[in-house]
Each structure stands twice: as C-alpha cells, then as structure tokens.
Amino acid sequence: MAVCARLCGVGPARGCRRRGAAREQRRGNADSEPDTDTDPEEAGGGAVTEDDEAAERIEGGRPLPPSVEAGPAGRAPLSLLELPPELLVQIFGSLPGTDLPSLARVCTTFRRILRTDTIWRRRCREEYGVCENLRKLEITGVSCRDVYAKRINPRVKSGRFMRILPDYEHMEYRDVYTCLLHRYRHILGLWQPDIGPYGGLLNVVVDGLFIIGWMYLPPHDPHVDDPMRFKPLFRIHLMERKCATVECMYGHKGPHNGHIQIVKKDEFSTKCNQTDHHRMSGGRQEEFRTWLREEWGRTLEDIFHEHMQELILMKFIYTSQYDNCLTYRRIYLPPSSPQDLIQPGLFKGTYGSHGLEIVMLSFHGKKAKGTKITGDPNIPAGQQTVEIDLAHPLQLPDIETLRDFSELSRMVLAVQEQVRREEQEREQRQEEQEHSQQAASQPASPLGGEGAEGEETAAGAEGTTQDKAPASQPFVLPTGVISRNEDYPRTCRVCFYGTGLIAGHGFTSPERTPGVFVLFDDDRFGFIWLELKSFSLYSRIKVSFQNAQAPSQEAFDEMLKNIQFLAT
C-alpha cells in the first residue's frame with residue numbers, strides 16, 4: 001500500500017476511490033445483463049480491461065483479488081504492466097543505471113516506478129560502492145559530518161566543514177546517480193598529473209557521497225616499507241538537488257571553488273578558481289617550510305647535503321606553479337599472467353638524493369620493465385628506469401666473493417657481452433630470412449622456423465633452470481655500493497641481468513648501463529647500478545585500486561608508449 005501510494009503520489013485518495021466506484025458500477029451493470037456467450041468487449045459491456053487492472057494495481061493502492069491478478073481464464077501475466085509494482089522495482093533495480101532513462105520513455109507507468117529511490121540506491125551501491133543511507137546521515141548528521149571532516153581534511157574544523165556539506169534531507173539517490181556518479185564516471189581510476197618531470201599518482205574514487213581525487217605520495221625517505229601517504233586534491237558532491245559542485249582541496253584554508261573539464265577520452269583537467277586559498281599568511285617561506293615537512297618529513301636544516309637541498313628547492317618552485325591548473329592522463333595497472341615472475345603492479349623505490357619514487361613493474365614476455373610514475377630532473381616520469389632480461393639469470397657467487405665489487409662487475413659485463421652477441425646473431429638471422437623470402441617468394445623459410453624453435457627450446461631450458469634454482473640464497477651488497485636503506489633483505493630468490501637508465505640534469509645524454517636485478521620476495525626487489533655503484537630497493541604499494549585494470553594488453557602497451565612519448 002505504501003509503495004503504491006509513493007509511486008503515484010496519490011494513494012487511496014479521491015482519485016483512487018473514483019476509479020474503484022467506476023469499477024464497481026461496471027461490475028454491477030455486467031451482473032444485471034443476461035448471461036450470453038458474447039465477449040464482453042464485443043458486446044460493449046465495458047468489462048474491466050487488462051490496462052485498467054494494471055493502472056489500478058500501480059495507482060489505486062489496493063491489491064487485486066487473486067482471480068483478477070491471474071488474468072483472464074487464470075493465465076499468468078503476459079505484460080510487465082500486469083506485475084505488482086514491488087516486483088517491478090526489484091526488476092528495474094537489477095538493470096544497469098545507463099538503461100533506466102530509456103526504460104522511463106516506454107510509458108508513464110515505468111516513469112512513475114523509476115522515481116522510486118530504492119532503485120537508484122541499489123544502482124549507487126552496486127556500481128559505485130555507495131553504502132551510506134541518506135536519511136540516516138541526516139538523522140545522525142553531526143557525527144557523520146565530523147567523520148567526513150576528519151577524513152577529508154583534518155585541518156578544517158568540523159563546524160566550518162558542516163556549513164559546506166550538502167543538505168541530505170531533500171536529496172534522492174536518483175540525483176546522486178544521474179547528476180554525480182554517472183556524470184563523472186569517466187574520471188574514476190588512476191591518473192598521472194602533468195607536472196613536468198615529477199609526475200605523480202592520482203586515484204579518483206567514490207568515497208561516501210563524494211567523488212574525491214586522492215594524490216598518493218611515497219613515504220618519507222628512506223623508509224621504503226612504510227605505507228603510502230595521500231592527500232585530497234579535489235572533491236565533487238551535490239550541494240543542491242541536480243547540481244554537482246566541484247571543490248579544490250589544495251591549500252590550507254579548506255575546500256573552495258573549483259572546476260573540472262573532461263578534455264578528451266582518458267584525459268581531464270582541474271582548475272582552482274580561488275588560488276588565494278593556497279597562500280599562507282607567512283608568505284612563500286612559510287609555504288616552503290610547510291611543504292618540506294609534508295613532502296620530506298624534515299626541515300631544511302636537517303638536510304646537510306647541499307646538492308639535495310638544491311633538488312628540494314627546485315622541486316618546490318616547479319610544482320608550486322601548477323597549484324591552480326593541472327592536466328591528468330589515465331594510467332592502467334599492468335595485466336598479469338601465471339607465467340609472470342611475481343605479481344606486476346606499483347612499487348616505491350629509493351633514488352638517491354631524489355628520495356622515493358613510484359615505479360610500475362610490468363612483464364612483456366622475456367622482458368620486465370620498470371616505468372617511472374613519479375620522476376626527477378634526471379629521469380622524468382614516464383621513462384623506463386630499468387629493464388630486466390628474464391632470459392639471462394645470474395648465479396651469484398658465495399658471500400665472500402660477492403663482497404668484491406670487481407668480481408660482480410666482471411660477471412655482469414660477461415653477460416652483457418653475451419647478450420650483445422645474441423642480438424647480433426638474431427639480427428643476422430632476420431636478414432638471412434628476409435633474403436631467403438625475397439629469393440624464393442615464399443612467406444616462410446626453414447631457417448626462420450629453426451630459429452624460432454631454438455628460441456622456444458632455450459626458453460624452456462631457462463624455465464627449467466629457474467625451477468631448479470634454490471628457494472633462497474644469501475645476499476649482501478658488494479663493498480663500495482651505496483644504499484639509502486641499509487635494512488635490505490639478506491636473502492634473495494633469484495637474480496637477472498638488466499639495464500638501468502641514467503642521464504644528466506634535464507634528461508641529457510641518456511644511456512642504458514648494465515646492472516643486476518635482485519628478487520627478494522613477492523613484494524620486494526632491488527637493482528644494483530654498476531656504473532653509479534648504488535643500490536635501489538623497491539617495495540610493493542599495497543593499495544587496492546578500483547577502475548584501474550587495463551582492458552587489454554594492447555591498451556596497456558599503448559598507454560606506456562604514450563606516457564614515455566610525453567616524457568620525452
């Protein structure tokens with residue numbers, strides 16, 4: 001009864017009573033007529049039609065008798081209009097939200113049913129994870145808003161935050177879905193901001209009744225195993241019914257007016273309309289000290305390395321230019337397969353004076369690549385920082401021999417020469433194969449088949465070698481190799497030959513130099529840069545990112561190519 005009344009907005013009022021009286025009158029006239037075999041409609045007796053029954057069921061607020069609900073001759077309902085409104089609400093609530101507007105154009109009955117907020121609440125929960133109850137939030141408003149105040153910006157007092165929160169009393173889930181979640185669905189996921197060489201990692205998620213853009217920051221150097229830090233850059237919510245509001249969260253004076261523009265597919269931009277909220281009363285010096293505490297967890301006096309001080313000051317000056325307008329480009333998490341050495345994903349690693357940076361590890365057949373998501377003036381974000389050759393594992397010597405850097409260098413350079421010869425032989429085989437194809441005018445040649453078979457055999461042999469490798473072996477850094485984090489693991493699973501990208505300031509004279517990839521466990525690996533005599537330790541970012549999976553391997557490869565092209 002209550003559902004029907006809410007659907008039609010009338011309930012058992014005079015409109016419904018008038019229909020009931022008309023129905024009783026028609027039934028009375030039918031009873032007074034002689035009993036014949038003529039169909040009531042053909043006789044013009046005005047019998048109750050199926051459409052009248054459907055309208056009565058939805059708008060009248062009274063359930064029909066069992067004989068009427070079953071339809072003529074006791075048959076089952078043949079039309080959706082014959083179903084009870086409660087069942088239609090369940091059916092419509094199970095459909096994708098993008099199909100509901102089309103469904104509302106079918107008839108007036110469907111449009112009325114789609115005004116039921118239960119349908120939209122289910123779509124918000126199943127498609128976007130919104131679990132909050134709007135009415136409950138209004139009843140317990142103060143405590144929930146305090147929770148939001150502490151979650152969004154701990155520096156803002158709850159009283160000030162409450163004044164800018166939406167009024168949940170007059171809000172419906174239909175408005176939340178259509179005007180907020182569906183409208184901004186294209187910006188959900190992982191993004192890389194265009195901040196020159198520094199890059200970044202932005203995660204846009206549905207958080208309660210907000211869409212929030214969280215900027216993820218590595219932990220303070222050199223604590224690579226600590227959890228990620230994050231801060232909000234913007235948020236979107238409904239201040240008024242059917243009106244989404246974008247607010248910038250940057251600065252130290254609380255949320256303020258902002259704007260979001262979806263430039264094209266997989267790209268959007270944000271703009272702050274009140275940049276005075278980003279400024280502090282103490283001027284640039286106070287802003288720099290505050291930024292330094294948040295970014296590095298220390299003061300400038302605590303940093304004794306002069307070159308490191310210059311890098312920090314340079315980053316502050318450069319990034320502060322982007323506090324009012326930023327462009328973001330979508331990034332995907334790498335696809336995984338059972339053949340991968342470990343689970344691919346995002347890692348945080350040490351990069352000397354540049355501090356901790358975020359790297360994406362992905363697997364491509366016999367190669368593994370580490371792509372920078374955040375960068376520095378030497379190797380900018382988007383560049384491939386390390387490449388691991390999974391076809392050339394390294395067998396480390398005993399601990400005493402491993403301490404000798406020259407011995408490790410000799411072993412790695414020998415593998416480098418072997419890789420160079422194999423590449424030359426591969427190029428020679430390809431040239432001979434092309435020459436044979438041109439001479440014989442055939443699509444394939446026996447030489448090419450033998451080469452492919454040889455590669456498969458080698459790959460199988462390498463896989464057997466990896467399977468026979470011990471579960472763990474002792475590991476220690478050679479004498480003279482510098483590490484920002486001395487608390488690295490003392491055992492490793494396997495090592496591979498690899499190359500690392502080094503360059504001068506401004507990405508000048510880039511070159512790939514040999515190194516050693518060291519796999520410690522499922523969540524940690526390291527890389528020894530032979531030419532720099534330094535060691536980088538990487539630890540997995542253990543965050544469950546939503547809407548970040550690549551639709552295909554081809555889409556992921558295209559994304560890597562694009563961000564590397566933009567970085568170059």
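Student: Why is Glu126 called partly exposed?

Tutor: In this predicted model, Glu126 has a relative accessibility of 45%. Buried means under 20% and exposed means over 50%, so a value in between is termed partly exposed. Arg123, by contrast, has a relative accessible area of 6%, and is therefore classed as buried.

Student: What makes Arg123 and Glu126 a salt bridge?

Tutor: The closest N and O atoms of the two residues are 2.8 Å apart. The limit for a salt bridge is 4 Å, so the pair qualifies. Side chains of opposite charge can pair when their charged atoms come close.

Student: Why are Arg123 and Glu126 said to be separated by about one helical turn?

Tutor: Both belong to helix α9 (residues 117–128) and are 3 residues apart, which means a separation of about one helical turn.

Student: How do you know that Arg284 and Glu287 form a salt bridge, and which of the two is buried?

Tutor: Their closest N and O atoms are 3.3 Å apart, and the contact is accepted because the cut-off is 4 Å. Glu287 is the buried residue, since its relative accessibility is 9% and buried means under 20%. Arg284, with a relative accessible area of 43%, is partly exposed. The two residues are 3 apart in helix α14 (residues 283–296), hence about one helical turn.

Student: What makes the salt bridge between Asp522 and Arg493 a link between distant parts of the chain?

Tutor: The closest N and O atoms are 2.7 Å apart, while the residues are 29 apart in the chain. Asp522 sits in the loop between β17 (508–521) and β18 (524–529), and Arg493 in the loop between β15 (491–492) and β16 (494–504). Asp522 is partly exposed at 41%, and Arg493 is partly exposed at 31%.

Student: What joins Arg122, Arg123, Glu126 and Glu127 into one network?

Tutor: These four residues are connected by salt bridges that share partners. The whole structure contains 24 salt bridges.

Student: How many aromatic pairs are there, and why is the one between Trp191 and Phe268 called edge-to-face?

Tutor: The count is 24 aromatic pairs. For Trp191 and Phe268, the ring centres are 4.8 Å apart and the planes stand at 90°. Centres must lie within 6.5 Å, and planes over 60 degrees apart count as edge-to-face, so both conditions are met. Trp191 is in strand β1 (residues 189–193) and Phe268 in strand β7 (residues 267–272), 77 residues apart. Both residues are buried.

Student: What makes Trp214 and Phe230 an edge-to-face pair?

Tutor: Their ring centres are 5.4 Å apart and their planes are at 90°, so the pair is edge-to-face. Trp214 in strand β3 (residues 210–217) and Phe230 in strand β4 (residues 229–240) are 16 residues apart, so the pair ties those parts together. Trp214 is buried at 7%, whereas Phe230 is partly exposed at 48%.

Student: Why is His237 called buried?

Tutor: His237, in strand β4, has a relative accessibility of 0%, and buried means under 20%.

Student: Which residues form the negative surface patch, and how do you know that Glu427 is accessible enough to belong?

Tutor: Glu423, Glu427, Glu431, Glu432 and Glu434 form the patch. Glu427, in helix α17 (residues 405–440), has 48% relative accessibility and is partly exposed. Patch members need over 30%, so Glu427 passes that condition.

Terms used: Residues numbered from 1 in each chain as written. Predicted model: local features only at pLDDT ≥ 70, side-chain atom pairs only at ≥ 80, totals over all residues. Heavy atoms only, no water. Patch = residues over 30% accessible without salt bridge, like charges linked within 9 Å, V, L, I, M, F, W, Y side chains within 5 Å. Areas by Shrake-Rupley, 256 points an atom, 1.4 Å probe, with all protein chains shown as cover. Salt bridge = Lys/Arg side-chain N within 4 Å of Asp/Glu carboxyl O. Lys, Arg positive; Asp, Glu negative; His and termini not counted. Charge placed at Lys NZ, Arg CZ, Asp CG, Glu CD. Helix = DSSP H or I, 4+ residues; strand = E, 2+ residues; numbered from the N terminus. Buried < 20%, exposed > 50% of the residue type's maximum accessible area, 1.4 Å probe, protein only. Phe/Tyr/Trp six-rings, centres within 6.5 Å; stacked < 30°, edge-to-face > 60°.
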